[in-house]
Amino acid sequence: MADVRTNAQPDAETVVEAPLPPTHIAVRREDYTPPDWLVPETRLDFDLDPDRTRVRATLAVERNGDHSRALRLDGDGLTPLSVRIDGEDARWRMEGPALILDIASDRATVETEVEIRPAANTKLMGLYASGGMLCTQCEAEGFRRITFFPDRPDVLSKYSVRMEGDRVRFPVLLSNGNPVASGEAANGRHWAEWEDPFPKPSYLFALVAGDLKPNRDSFTTMSGRQVDLAIWVRGSDLPKTAHAMASLKQAMAWDEKVYGREYDLDLFNIVAVSDFNMGAMENKGLNIFNSAYVLADQETATDGDFDNIARVVAHEYFHNWSGDRVTCRDWFQLSLKEGFTVFRDQSFSADIGSAPVKRIEDVRVLRAAQFPEDAGPLAHAVRPDSYIEIANFYTATVYNKGAELIRMFATVLGPEKFRAGTDLYFERHDGEAATCDDFVKALEDASGADLSAFKIWYSQAGTPRVKARIEHDPEAKTATLHLDQHIDPTPGQERKQPMPIPLKTALVGEASGHEICPERLIVLDQAEQQVAFDNVVEAPLLSINRDFSAPITVEANRKPHELERLAQTDTDPFARFEAIQELMMRSLVAGANGQDPDTESVIRAVAATLNSNSLDPAFKAEAILLPGESLIADRMTVVDPDAIHASRDALRRALGSDLRDSLLSAHRSDGAAGHDLSPAAKGVRRLRTVALGLLAAGNEREGASLAKAQFDRADNMTDRQGALGILVSLDAPERQAALDAFYQRFHDDPLVLDKWFALQAAAQRKDTVDAVRQLASHADFTMGNPNRLRALAGTFGVNHWAFHSADGRGYAFLAEMILAADKLNPQVAARLVPPLGRWRRYEAGRSELMRQTLERIVAARDLSKDVFEQVSKSLA
Ligand code: PHE
Ligand code: ZN
């Protein structure tokens, strides 16, 4: 009976003993059924107080279809204080955390009342306190921590919200939609009422109460409507909101121009909060942001931070259509809104900056975050088949591979047909909860194309590996491209089908360096395929998967001198980048395997890139940056982190000493004042620090003094953090001096202090594992703040060499952090698990230590289902 609570009506036969809803058991996509009850209107009344907030909900409910099932209202940690149906006290019962009501009629008004404790909410889901304010986070299943409701994305409701709270603590009261009334109340309290005219799922509900100040602006839409914009922050942070505001206006204009999407309310609010589980949230008309994606100035934010702010502001804004106006039917369709919206924000960033560099950065993220998912025990499809905890599925696969999938549609259809498709999608499904199939259908109907073969990208996990070989017949002046594809098994998917893989391909003349066969789009859709080329007038070099047209790995058997040649001549910037990276990768893998690393061809390629007069500095910086150690690990059959580190270190040293002069001049190139945020200036700064890193590898003493000089002279955070990021890995007196100076100057700024923690956790040093342990007991460390926890434990987990310290102390540290964090915030704790998950690929000693660490975590008492799912799947 312990789990069955009732309101103890006298007739005890209404008390039904129901089994606990199986919380650690999978929800399956194939079990989807439409909601039994709809809620066309919702009225919420909040009596706000950090310690105990009263929530009264009035739901207009409507039976959906011909059935006699009860109304089931999801709850999480809620106890009903009162339940009324059509104004009468009603019978109710609990099934686990859910409230069950039998309703005889087809329509009713249901009123519930609960009390919640925002200040005690450490999960940061539902209504919680952060820095003296109250705010909400409801996606995916946080609304049920605020009030009883059918908390699923296919129940759309019109909300009106009344909030009342202390006028001094909470002078600003915000919710979705438009403000409709406000006034004074007794005891120094005041109230406000908001109404959102657009029906929305509960995950898009938001409320904010706090002492906030607005940066106000306005935007005139393409139909001439004026929209008031406001970014709400603590008063002292107001000067740091200009970039976010400028980005918002750019994003609004871009979505009109590129997708024909206009904003639909008269008001758009953004609020920055310091404690936030994710990046930001697209609540209708009231986006709530992790302050890391709002606040920036030249002093405290790097160029990367500025870019991320523009990206995330745009991302959340774009959700207004791809997510809010058209939402998801169920959480298996998450990529419908996320993959599409990431594709949209990537295109936006490409348009406002350098498109080739943006593409390289996006592929870097995909390779670093998504390829490992596909290759490990947590592999899942872009549209997963099941989950235990949906919060675990906000992954690089759903987001970034999902975006690649949309990009492939756009590539195959071409821009006009793709736009016709998205127009039809938005028009057809406006105000609805849609599926990934609906999206594809709209693209097909608008374009006349048959995309059915491509749907397998939604359901089949794993990264396809394509082998490519070009065969030239000089007599006939023809060439044949031999292609085959293979996908390794992933959990639950033993056998894989061939997938349609769009490959932008060109042939470059080896002697002339010209594009002898212009780019064409080849769709590889068989296990093996051959493609013929005519007019191949000289020996061809294969330029394939240009612009990274498909999210795959390519093994093209090109010789080092061919790659060198492509690195200089390929007309596709991404393919040029790839050629250099492939040269580096082969050298690094050979070195790690104890073979001859062929350093010479890498040095020649890097030198040619550095010394080129035509390439821009940002591109140079990306191209000469060596692949990271976990990327090298992905290429090895048995991973030995020490061998990988040694190999990469050796190549960096060779580059640094052999190319000292070119690197020095790249490091010294000027034309990038700190306040200049143009792509050109950012490129100069990026190259300055990348070159410095190699110089320091070549000559530690010289590197340390150059880095300290850059650190001391910096008039912007990019140069300062860049220099410190190099110093932290060195054994030089400048190291501690710079760390201390940085701390002294910025310890009052939490976002900059996060950098200080992260830089030390990323240090390439033997003692990093001891350092992070010490930092975990630093006075400024707290697990309660997700940014701080990620800065330390998250960064350490992806510091390949330090984390995989052979004695297992890195694993032990991460496990302690996971278990401690799980008590407070399971969502954030679970996100720390994946680095431990790939134990099968490591050499025997580490592999066993990693496995034991996972066993120890899963054996812990009261483990959350978030961590349970990630750990148990990693062990399976
Ligand atoms: N929907 C948010 C986004 O991608 C991410 C998010 C998910 C935020 C869950 C909070 C909680 O834009
Ligand atoms: Zn999103």
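Which polar side-chain atom lies 2.6 Å from an oxygen atom of ligand 1? That atom belongs to tyrosine 399. Here a polar contact is a pair of N or O atoms within 3.5 Å; within protein, one must be able to donate a hydrogen and the other to accept it, and residues adjacent in sequence count only if both atoms are side-chain atoms.

## Ground rules

This is a predicted model, where local features need pLDDT of at least 70 and side-chain atom pairs count only at pLDDT 80 or more, while totals for chains, interfaces and linings use all residues. Residues are numbered from 1 along each chain as its sequence is written, chains are lettered from A and ligands numbered from 1 in the order in which they are written, and side-chain values use heavy atoms, with hydrogens and water left out.

## Around ligand 1

Ligand 1 has 13 residues around it, and Gln137, Glu139, Glu282, Glu316 and Tyr399 come nearest. To count as near, a residue needs one of its heavy atoms within 4 Å of the molecule or strand in question.

Besides tyrosine 399, two other side chains put an N or O atom by an oxygen atom of the ligand: glutamate 316 at 2.8 Å and histidine 319 at 3.3 Å.

## The zinc site

Histidine 319 also turns up at the zinc ion (ligand 2), which is coordinated by His315 (NE2), His319 (NE2) and Glu338 (OE, listed twice), at 1.9 to 2.7 Å. Donors are N, O and S atoms within 2.8 Å of the metal (3.2 Å for Na, K and Ca); water is not among the atoms, so sites may look incomplete. The donor residues follow the spacing H-x3-H-x18-E. Histidine 315 sits in helix H2 (residues 303–318) and glutamate 338 in helix H3 (residues 334–352), so this pair ties together parts that are 23 residues apart in sequence. Helices (H or I, at least four residues) and strands (E, at least two) are DSSP runs, numbered from the N terminus.

As for geometry, the 6 donor atoms around the zinc ion (ligand 2) subtend angles of 51 to 162 degrees, which makes the arrangement irregular. The bar is this: four donors are tetrahedral if all angles lie between 85 and 135 degrees; four are square planar and six octahedral if opposite donors are over 155 degrees apart and all others between 65 and 115; anything else is irregular.

## Glutamate 338 up close

Glutamate 338 is buried, with 1% relative accessible area, and histidine 315 counts as buried too, at 7%. Buried means under 20% relative accessible area, exposed over 50%, partly exposed in between (1.4 Å probe, protein chains only).

Setting aside residues up to four places away in sequence, glutamate 338 touches Glu139, Glu282, His315, His319, Val398 and Tyr399, where contact means heavy atoms within 4.5 Å. With tyrosine 399 there is a side-chain to side-chain polar contact at 3.3 Å. Threonine 395, 57 residues away in sequence, has its C-alpha 9.9 Å from that of glutamate 338.

## Two cores and an enclosed helix

The largest nonpolar core has 154 residues, and Phe46, Leu101, Phe205, Phe409, Phe418 and Leu483 have the most contacts inside it. Helix H5 (residues 396–413) brings the largest share, 9 residues. A second, separate core of 112 residues includes Leu541, Ala618, Leu724 and Leu836. A nonpolar core is a set of buried Ala, Val, Leu, Ile, Met, Phe, Trp, Tyr and Cys residues joined through side-chain atoms within 4.5 Å.

Then there's helix H22 (residues 786–797): 10 of its 12 residues are buried, so it is largely enclosed by the rest of the structure. Among them are Arg788, Leu789 and Phe796.

## Buried loop residues

Asparagine 176, in the loop between strands E13 (172–175) and E14 (178–184), is buried at 2% relative accessible area. Its side chain reaches two backbone oxygens, that of leucine 204 at 2.9 Å and that of lysine 284 at 3.0 Å.

Glutamine 460, between helix H8 (456–459) and strand E25 (465–473), is buried at 6%, and its side chain reaches the backbone oxygen of glutamine 497 at 2.8 Å. Valine 536 lies in the loop between strands E29 (528–533) and E30 (540–544) and is buried at 0%. The C-alpha atoms of valine 536 and proline 474 are 7.6 Å apart, with their positions 62 residues apart along the chain.
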